[in-house]
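User: I would like to learn how to read an interface and a helix in a model with several chains. Please take me through them one feature at a time.

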Amino acid sequence: MDGLVFDIAHLFAGGLVLVSFMMLYQDRLYALLNIFALHAIVLALSVGWQAYIQGAPHLYITTAIALLFKGIVIPVALHRIIQRLGIHREIETVVGIGMTMLAGIGLVALSMVVMLRVTADADRLAREDVALALSVVLLGLLMMVTRRNAVSQVVGFMSLENGLILAATGAKGMPLVVEISVAFSVLIAFIVIGIFLFRIRERFDTVDIHALDRFQGDRG
Amino acid sequence: MAVILDFAAQVAQMLVVLLLAPLLTGFVRKIKARLLRRQGPPLIQPYRDLIWLLHKEVVLAENASWLFRVAPYLIFATTWVAAALVPTFGTGLMFSWTADLIAITALLASARFFLALAGMDVGTSFGGIGSSREMMIASLAEPAMMMIVFTLALMAGSTQLSTISGVMLSPEIGLRISLGLALLALIIVAIAENARIPVDNPATHLELTMVHEAMVLEYSGRHLAVLELAASLKLLLYVSLIICIFVPWGLVPTGAGHAGYVIGAAAYAAKLAAGGLLLALFETAIAKMRVFRVPNFLGAALMLGLLGTLLRFISRSL
Amino acid sequence: MSALGIDALSAILLIPIGTAALLALLPGYWVTARLNVVATLATLVAALSLFFSERSAPGHYLLVDDLNIVFVALNTFVGFTTSVFSASYIAHELETGRLTPTYLRFYHAMYQILMFAMNLALTANNIGLMWVAIELATLTTVLMVGIYRTHEALEAAWKYFILGSVGIALALFGTILVYLAARPVVGEGQDAMLWTVLIDRVARFDPALLNVAFVFLLLGYGTKVGLVPLHAWLPDAHAEGPTPISAVLSGLLLNVALYAILRFKMLLAANTRAIAPGPLMVALGLISVVFAAFMLYRRRDIKRMFAYSSIEHMGIIAFAFGMGGPLANFAGLLHMTMHSLTKSAIFFTVGHISQVKGSQKMADINGLTETHPALGWTLVVGVFAISGLPPLGIFMSEFLVVSSTFARQPLLAITLVLGLLVAFGALLLRLNGLAFGEPTGSTAPAKASYVPMYAHLGLVLAAGLYLPPPLVAWFQHVASLLG
Amino acid sequence: MLASVSLWCVAFLLTVAVLATAIARRPAATPIVYGASLAASLVALASALGGLLGDPASPATAILPLGLPWIGAHFRMDALAAFFLTVVNLGGAAASLYALGYGRHESAPSRVLPFFPAFLAGMNLVVLADDAFSFLFSWEFMSLTSWALVMAHHRVADNARAGYIYLVMASFGTFCLLLAFGLLAGVDGAYTFAAIRADRASPVLAILVLALALLGAGSKAGLVPLHVWLPLAHPAAPSHVSALMSGVMTKVAVYGFIRITLDLLGPPEWWWAMVVLALGGITAALGVLHALMEHDLKRLLAYHTVENIGIIYIGLGLALAFQANGVAWAAALALTAALFHVFNHSVFKSLLFFGSGAVLTATGERDMEHLGGLIHRMPLTTFMFLVGCVAISALPPLNGFVSEWLTFQAILQSPELPQWGLKVLVPAVGALLALSAALAATCFVKAFGITFLGRPRTPVAANAQEVDRFSIAAMSLFAALCLLAGILPGLVIDGLMPVIVSLVGERMPVQIAVPWLSIVPIAESRSSYNGLLVFVFIGASASLAIYAIHRVASHALRRGPAWDCGSPNRSPTTQYTSGSFAQPIRRVFGTVVFRAREHVEMPPPGDSHSARMHVDLRDLVWEILYAPVAGVVTFVADRINYLQFLTIRRYLRLVFLALIALLTVLGVWL
């Protein structure tokens, strides 16, 4: 039983890392959104599985949030935004996709080294889970810093957050997980609304491209 | 008894320097003239000049202040006090401990300080030239003098002139390099301080070359007389200083009898004459320097003095 | 008496949240501004009563102990004085039309929610709850920073929001790791996230896991503290938001985040096998001090300059706590208190100055001691206080930090001193222009509320001269807790 | 008891300062504040004299529950403190008296009155402090209040710059002392001086402490190369404050240095003396050369402060050298010389600043090139200033000569020292000392001659009026002190002995017992000096000369135009100026020390414009030490400033990199 439980959890967590890599690889916005939806669904599966094996029914709420909110609502909303704002569909990257992928592999290796060495005492499930979650978090951050496009940066942030949820649910018996996932959802909603409200066409970097020229704080 | 004798010696010394000073000046002038195959003024001409000046009226510049009128007396008084403390014929001066060699140097500096101020009082350009150059010369000559004092003081273990000449008289002092350096430096300083050639020309009134004469340009009558006397006193003082330090033989020690004083006085007169002769010879043989070469000349004195001091610091036997 | 303790504790949370609801509903400036002041005063009274009431046993969610009571008292006090300042400041903003009545209502409600969030973060016994509270505080301040709706304000808010969110995410990961470290020892569930439990049993936690957790927590909460290189949001957020919020940010929110770091540092310090958390804090602190010191030179906006000064001082505080030991910890606590009081006083002054001169650009402000002697001299005193000159309080803390460090780590102390000196040079250079010289700009008399500034600077002055023994004993006790 | 009297005076002064803030704008405030300061200073002076004359074995102490809470504020008035308190309060009393008159002309009394008593209080506290915290607290408080006074006339751009450089340098000094005390106090924070004395520092630490003390106290005292702020800040303040800063505050800095090196640090090493002596010699020479190039009267005086600090440090260096070699009697001589000079300088420098303040009041000018002929308009001020000039030029029979004479005597004892380094250095320093004394005389001939003598160069100088009686009284007081200390130096030396004994454990011979009131540093056969007799002799012979000449000579006196070699020019611009007076010296020294270059612009033939001469002087200390520091700060500030203007993504990258770096460290190293 234990072996199977572990393997399935491992499968989902590993799947999440894989999907993160797929996102890094993507250079088209719509495809990126679709893959993010996939990311959310894999997360939902993983959380659901954890809810099942830990016997923690409240985790199903998190599952539901992941599935509905991140898997459906957010991608759809972002689709709309892309259409409404008419922003580029090509993703501008700072460094080449290949280099990004290499860096990503390095990050995964780093998180494995760090987490597997340090969590020798923890139970195997949590250990692998946390290591993979850290990979997802770091990959999300990597995406944020290598993408110039606002929407793809938001996607990066959300995948980072998915990694956090993975870690939180993997930590067996952790309280407040649901509250935290709700809080994060609020945060993400804010960001998405922000992008929409402030009409961030191209970049995360600035509210308005015209403003970028005019204002850079303390200049002039 | 000894105290009275010392006191008498002190008073005698003060009078002697005062009376001898113009004579020395006259003597040097006479010798210089003779060396140039001129007849020259009589030896007592400086005395006549003084008396003549005393009877002239004072023409004071409209702008002159009280300082201008007080300065001659102050200059004279400080120079006289300094001269009174340098042993001439005897070491047993009653008040020799009042001021040591450093203080004597400083007294002369006071005199110069007021002279330079007096030069600036009327507000003429020549007065300024004189004061400015005089202070430039002094600012090098004084440290040189101080270094000489150091050398001597380190040799004698004292800055008291009477002790120094006493030590110089004693047999254990042989020929020392540092002494030679000090002598050379002292001669340079003395020439500069007394406004002699090659630093300054006491006989000239050529505007751009004069130093001392430029400062006293506005003085006349009795004020000028006092200043002239002070200048003569200063010359005598320096010659006496060189004599009492480097040729102390014949100096009367403390507590000697009357006979000693006679011998001392005679020796002093002889040495003074020799000094005046040498000075005249030197002045005749050499040309006046450009003002801005003077610092090099004095700098040499400073370096010699410093070298002498360093040698004394490093070794007792040099 | 224990009932009172509970009451006081819940009061400092319930009063702000209740008032927030009320303020969101009430219209009009006069009533709301005063209600805001009264509510913060009531919160302050409740917080002070914590000192005198017997403490109840820590609950699952809330906790009052020697450490956080200092922070709570400071928090509510500055919250109160800022609300007084805010009343006169906002009145002016309404007059000039920078704020509309709708936004005013929003502003007041948010102010109380911020107070609630900060008090909650400070009194939370649960590390998860604390995280939620700090996130809430971040969100409210983001909204307040952007309240002027100018491009600059929105961009500053946006920057703050994004960087803050990433920081918050990192902190959450660290929190999860702490839970993971605690779970094998404490067991599953609530207990593994309670301070009171954690600190008791931390000695048996997996040290390696704690190390990784601390890295995340330091970077996560460090973002909120404004430690370099995580500081980027701080200057703009201070410069573009309403000045009362700048005062609260610098004076309080940074402290709250620092409090979180301190708590985790205590955990690590209590586990002998974990890495010493000190060197990390010292390094970040020193980098912050030196970096901020140099950044001060090229500042043109008066509020942004003092924001950088906050980074510098947070660096000093982090440095002091990182050095550890009774003297440095004492100094750190003292410095934190003094910095809160001084920096908020400076922002009060600066707020009035920029209102009266109609500009935040330092080039537009000259000769204040001539045109507005009260404001000008208050600014002078404030800058001297923040630069650590006697007779003001920061002198003592800097004295203790530097002198106690030099005997242990000379190079660190020298670096710190150089940073302080460079920073002082910059502040004084600007002060020369601001307070002295030929006056420029408006000479209209300022309608300022001087009481908050004078109260703060008076306290700072008093602390520089004389620290009352009970306070000292308290600080020393807390310093010893911090290890 | 005495300590508490002094502390009460300090408390009173602080109260006056607070009150002054409230009443500063009223006309009555000036007499009230300065009157109160005068009273407090006098009481404190009496208390300090009591401490100096009292039992040295049981110094007065007091502990207040202020400052560092677990230590409290310790205060103690031992002999050293009592001596410096005397200097401080004497200067304070005279400055207050002077300001009773001078302060009436102040244009911004509200910027002076509150800070003046606070400044006095700060200086008193530094000297009284007996623990590191109180010491530094008061030290920095003193800097701060004096800074405020420097900024009194802040609209003058130069003053603002002066204030800036001053306070930054002061902070630098305080930090250095802070580090020094950090070392002395150790990890446990034993900050009381008693604890520091009990726990002697190890040799390695002692080196660091000495270096830091030199930097810290030296920057306040104006030791080259830390002097740059001094000639800017001292003249910028109102003149009575300039007098206090130059005459007294620099002495407080000297006190700090003595306290650390001779009291707290334990037995000195011989090579410390090398450093101190070399710095002292360079300071003395460079200070006076700078002064010679100056034509701003107050700045000239400020540069002379630098010079005199050099002389004091030479004395201190000699004392350290002798002390390190166990020649305690010679150390006593050297230290006496230094402390005597401390006293003298405080007196005559205050006097000179008072005089320059009087000139400023009368004419509104500090630039000597715009003055001249004041001797006719302000005879009393002129006379007092002349006394100060003679005193500072180290001419007998005034006090400046005595302390320099003692320093020379101490130098002459140094062949006793065994170390070769000292053997070579001491004569060189002696030469520098002699050189600076001679140059000082030159400089004051210039200062006095250009300012007071000659013909007025501007209408303001021609129409100057003598100043009020308070100013005259303060100046007369110090002029009298210059004379008294000059002719009765034995009394001062004997008064200093408790201090000397407490620091080096040996004393100079009792001077009061020497016949005729001479002073005899070691033995009469070696050296002696009698200021009284010199004074009497000069007076007597001058009177004699005047008497004799009036008996025999013509009394006729006629006023006429100046002779000037027959070509008098009535224009006052034909007079020598400050610049032309200094030209020979500039030629001799300036080409090396200041890289002085003269450029003459001759108009082409036929052009009727006048020729112009420019002199370029460069301050090499500034260019070599300070400009690069400022350059580095500017460079770094410019370079890292781009970090303010990054995009959010780049900021995130910083966060990301920090995270990766820390994780890598954890993963790889731990």
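Analyst: What follows goes through a chain contact, a strand pairing, a helix and a domain assignment in this predicted model.

User: How many residues do chain D and chain B each bring to their contact?

Analyst: Begin with the residues on each side, then ask which elements supply them. Chain D contributes 74 residues and chain B contributes 74 residues. On the side of chain D that touches chain B, the elements giving two or more residues include helix H14 (374-377), helix H16 (399-412), helix H17 (420-452) and strand S3 (557-560) of chain D. H17(D) gives the most, with 15 residues. By residue class, this side of chain D has 46 nonpolar, 20 polar and eight charged residues.

User: In what sense do strand S1 of chain B and S3(D) pair?

Analyst: Look at the strand direction and at the bridges. Strand S1 (residues 58-61) of chain B runs parallel to S3(D), with four bridges between them. One of the bridge partners in S3(D) is Gly560(D), which is matched with Ala61(B).

User: Why should helix H10 of chain C span 40 Å?

Analyst: Compare the expected span with the end-to-end distance. H10(C) covers residues 243-270, and its 28 residues at 1.5 Å a residue should span 40 Å; the end C-alpha atoms are 40 Å apart, so the two agree.

User: Where is the kink in H10(C) centred, and how many of its residues are buried?

Analyst: The kink, of about 40°, is centred on Leu249(C). H10(C) is mostly covered, with 25 of its 28 residues buried.

User: Which domains are assigned to chain D?

Analyst: The assignment gives domain 1 (1-202), domain 2 (267-509), domain 3 (576-602 + 610-618) and domain 4 (622-669). The C-alpha centres of domain 2 and domain 4 of chain D are 49 Å apart.

How values were computed
Residues are numbered from 1 along each chain as its sequence is written. Chains are lettered from A and ligands numbered from 1 in the order in which they are written. This is a predicted model: local features need pLDDT of at least 70, side-chain atom pairs count only at pLDDT 80 or more; totals for chains, interfaces and linings use all residues. Two residues are in contact if their C-beta atoms, placed from the backbone, lie within 7 Å. Ala, Val, Leu, Ile, Met, Phe, Trp, Tyr, Cys and Pro count as nonpolar, Asp, Glu, Lys and Arg as charged, and the others, Gly among them, as polar. Two strands pair if DSSP finds at least two bridges between them. Domain bounds come from an automatic or database domain assignment. The expected span of a helix is 1.5 Å times one less than its number of residues. The bend at a residue is the angle between axes fitted to the seven residues ending there and the seven starting there. A residue is buried if 20 or more other C-beta atoms lie within 10 Å of its own, exposed if 12 or fewer, and partly exposed in between; C-beta atoms are placed from the backbone.
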